[in-house]
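Trainee: I am new to this structure and would like to learn how to read it. Could you walk me through it, one feature at a time?

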Amino acid sequence: MEEKFTGYFEAGELETELWRQLKKRGWTITTVESCTGGAVAARIVNVAGASDILRQAYVTYCDEAKNRLAGVRWETLEKYSAVSRETAGEMALGGAAAAEADVALSVTGLAGPGGGTEEKPVGLVYIGCAIHGQVRVRELHLQGSRGRIREQAAEAALSLALEMLLSQHFH
């Protein structure tokens with residue numbers, strides 16, 4: 001199930017619109033990132049006034065950090081691995097709780113070039129978004145260089161947050 005970002009925002013506009021949507025609600029956001037290494041938070045920080053919505057962000061590159069900083073359960077990591085729908089969901093929910101944020105974005109995956117398997121190939125990325133306890137996780141199958149996979153994952157995470165914020169439920 002390949003999914004590519006098909007949003008209607010131009011590059012750089014996603015984070016600006018996300019800032020607008022959060023600012024008008026008086027909400028905050030945090031990120032819990034693995035393979036993107038802080039790229040989602042960096043995109044948010046590109047917006048002037050980012051400190052109004054982003055108080056902190058987590059780069060949880062190893063399982064221990066996912067557990068300690070975002071509360072991902074060891075049982076989840078052992079049963080499903082770090083690169084899984086379940087882990088992405090717990091990263092988002094746990095990050096929101098740890099940061100006391102209204103919204104949390106999570107990213108976990110395999111950016112390559114090595115490390116992939118037949119079951120979990122390079123380019124497999126899970127992004128999650130939690131808003132007030134409700135979480136949505138999306139599975140992505142991305143292609144390209146390590147840098148390109150990381151860029152696409154960050155873009156998709158920002159898009160997911162906006163999609164949820166603009167949905168009827170959170171509008």
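Mentor: Gladly! Let us begin with strand pairing: two strands count as a pair when DSSP finds at least two bridges between them. Keep in mind that this is a predicted model. Here β3 and β4 pair in the antiparallel sense, with seven bridges. One of the partnerships to look for is that of S106 with G128 in β4.

Trainee: In what order do the five strands form the open sheet?

Mentor: The order is β2-β1-β3-β4-β5, and the pairing is mixed. β2 (58–59) and β5 stand at the edges with a single partner strand each, so each has one side without a neighbour in the sheet. A general idea helps when you look at side chains: in a regular strand they alternate between the two faces of the sheet.

Trainee: How many bridges join β4 and β5?

Mentor: Eight bridges, again in the antiparallel sense, and β5 covers residues 134–141. I131 has Q134 in β5 as its bridge partner. The β4 and β5 hairpin has two residues between the strands, and H132 takes a positive phi there, near 45°.

Trainee: Is H132 buried, exposed or partly exposed?

Mentor: Partly exposed, because its relative accessibility is 46% and the partly exposed range runs between 20% and 50%. H132 lies in the loop between β4 and β5.

Trainee: Which other backbone features should I look at in the loops? What is the phi of S81, for example?

Mentor: Phi of S81 is near 85°, a positive value in a residue that is not glycine. You will find S81 in the loop between α4 (74–80) and α5. Its relative accessible area is 25%, so S81 is partly exposed. Then look at the peptide bond joining G112 and P113: it is cis, with omega about 5°. P113 sits in the loop between β3 and β4.

Trainee: Now for the inside. Which residues touch the most other members of the largest nonpolar core?

Mentor: The general idea first: in soluble globular proteins, nonpolar side chains tend to be buried together. In this model the largest nonpolar core has 36 residues, and L18, I29, I44 and V125 touch the most other members. The elements giving two or more residues to this core are α1 (13–25), α2 (39–45), β3 (103–109), β4 (124–131) and α6 (146–166). The largest share, eleven residues, comes from α6. There is also a second, separate core of nine residues, with V32, A70, L77 and A99 among them.

Trainee: What does V125 contact, leaving aside its neighbours within four places in sequence?

Mentor: Its contacts include C35, V107, L110, L140, I149 and A153. R138 and E139 are also among them.

Trainee: You mentioned C35. How many disulfides does the structure have?

Mentor: As background, a disulfide is a covalent bond between the sulfur atoms of two cysteines. A search of the whole structure finds zero of them. For C35 the nearest cysteine sulfur is that of C62, 14 Å away, whereas the cut-off for a disulfide is 2.5 Å. C35 is buried, because its relative accessible area is 6%. C62, by contrast, counts as partly exposed, because its relative accessibility is 40%.

Trainee: Is E90 buried or exposed?

Mentor: E90 has a relative accessible area of 17%, so it is buried, given that buried means under 20%. E90 belongs to helix α5 (residues 85–99). Beyond its neighbours within four places in sequence, E90 is in contact with A70, G71, V72, R73, T76 and G95. Look closely at R73: its backbone nitrogen lies 2.8 Å from a polar atom of the E90 side chain. You can also compare positions along the chain and in space: E90 and S106 are 16 residues apart in the chain, and their C-alpha atoms are separated by 8.8 Å.

Trainee: Last one: over which residues does pLDDT stay under 50?

Mentor: Over residues 1–6, for which the model has eleven contacts beyond four places in sequence. Read that stretch alongside the figures for the whole chain: the average pLDDT is 93, and 93% of the residues score at least 70.

Note on methods:
Residues numbered from 1 in each chain as written. Predicted model: local features only at pLDDT ≥ 70, side-chain atom pairs only at ≥ 80, totals over all residues. Heavy atoms only, no water. Core = buried A, V, L, I, M, F, W, Y, C linked by side-chain atoms within 4.5 Å. Buried < 20%, exposed > 50% of the residue type's maximum accessible area, 1.4 Å probe, protein only. Helix = DSSP H or I, 4+ residues; strand = E, 2+ residues; numbered from the N terminus. Contact = heavy atoms within 4.5 Å. Polar contact = N/O pair within 3.5 Å; in protein donor to acceptor, adjacent residues only side chain to side chain. pLDDT = per-residue confidence, 0-100.
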